[in-house]
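Work through the exercises below with the coordinates open. Each task is followed by a stepwise solution.

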Amino acid sequence: MSNLFDRLIRNTPNRMAKAIENIDGTIYSYGDLFALSAQIAHVLVAQGVKPGDRVAAQVEKSVPALVLYLATVRAGAVYLPLNTAYTLAELDYFIGDAEPSLIVCDPSSEKGILELASKVGAKVLTIDPVGQGSLVSAAAQQSREFSTIDRRGDDLAAILYTSGTTGRSKGAMLTHDNLHSNAA
């Protein structure tokens with residue numbers, strides 16, 4: 001299996017991920033990340049996210065954001081992180097260019113994001129840095145087990161937009177193999 005999630009986490013469910021600590025001081029094991037990402041992956045699939053679809057995330061760096069990334073890759077989708085400092089006009093470009101099927105944002109940004117999402121037919125869910133929002137509420141009802149979607153090493157896992165210092169920002173497409181190589 002070439003899915004980045006399986007290559008990084010599958011064989012480590014009981015190890016503590018000591019560097020991963022939530023705002024409330026909770027330290028997560030790999031097993032915790034495995035279970036939480038399963039629940040969120042179920043929500044992504046229930047929202048219609050299919051392998052290869054883009055999931056845009058304009059959320060603060062946090063444990064919930066990391067779990068969203070893992071769940072996106074686990075569901076076979078493509079993770080599209082968007083800087084929380086982007087304005088709605090900047091987001092309009094990125095969302096229009098990438099055409100995500102789902103956008104996850106902080107609850108405080110939902111109103112503006114909904115308008116942009118409607119232009120590309122994307123759904124919107126929310127999550128904040130402490131793990132509150134519509135995505136987490138929906139995930140709480142889901143199974144803590146999920147069969148990771150098999151992807152080839154050359155399938156996309158993430159799109160990272162360049163800074164645009166020499167022109168319009170461009171989406172750099174990163175595969176499961178690219179990201180695994182960086183992690184290794």
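A polar contact is a pair of N or O atoms within 3.5 Å; within protein, one must be able to donate a hydrogen and the other to accept it. The model used here is predicted.

**Exercise 1.** Place Gln39 and find the backbone oxygen that its side chain reaches.

*Solution.*
- Step 1. Locate the residue. Gln39 lies in helix α2, residues 30-46.
- Step 2. Check burial. The cut-off for buried is under 20% relative accessible area. Gln39 has 8% relative accessibility, so it counts as buried.
- Step 3. Find the partner. The Gln39 side chain comes to 3.3 Å from the backbone oxygen of Ala139.
- Step 4. List the surroundings. Setting aside neighbours within four places in sequence, Gln39 contacts Ala139, Ala140, Gln142, Ser143 and Arg144.

**Exercise 2.** Is helix α3 largely enclosed or largely open, and why?

*Solution.*
- Step 1. Set the limits. Helix α3 covers residues 63-74, 12 residues in total.
- Step 2. Check its length. The span from first to last C-alpha is 16 Å, close to the 16 Å expected at 1.5 Å a residue.
- Step 3. Count burial. In α3, 10 of the 12 residues are buried, so the helix is largely enclosed by the rest of the structure.
- Step 4. Name residues. The buried set of α3 includes Val63, Pro64, Leu68 and Arg74.
- Step 5. Look past the end. Just after α3, Gly76 has a positive phi of about 85 degrees.

**Exercise 3.** Summarise the whole protein chain.

*Solution.*
- Step 1. Count elements: 7 helices and 8 strands.
- Step 2. Take burial: 46% of the 184 residues are buried.
- Step 3. Take the surface: about 9100 Å² is exposed, with 50% of it from carbon and sulfur atoms.

Conventions. Residues numbered from 1 in each chain as written. Predicted model: local features only at pLDDT ≥ 70, side-chain atom pairs only at ≥ 80, totals over all residues. Heavy atoms only, no water. Helix = DSSP H or I, 4+ residues; strand = E, 2+ residues; numbered from the N terminus. Buried < 20%, exposed > 50% of the residue type's maximum accessible area, 1.4 Å probe, protein only. Areas by Shrake-Rupley, 256 points an atom, 1.4 Å probe, with all protein chains shown as cover. Expected span 1.5 Å × (residues − 1). Contact = heavy atoms within 4.5 Å.
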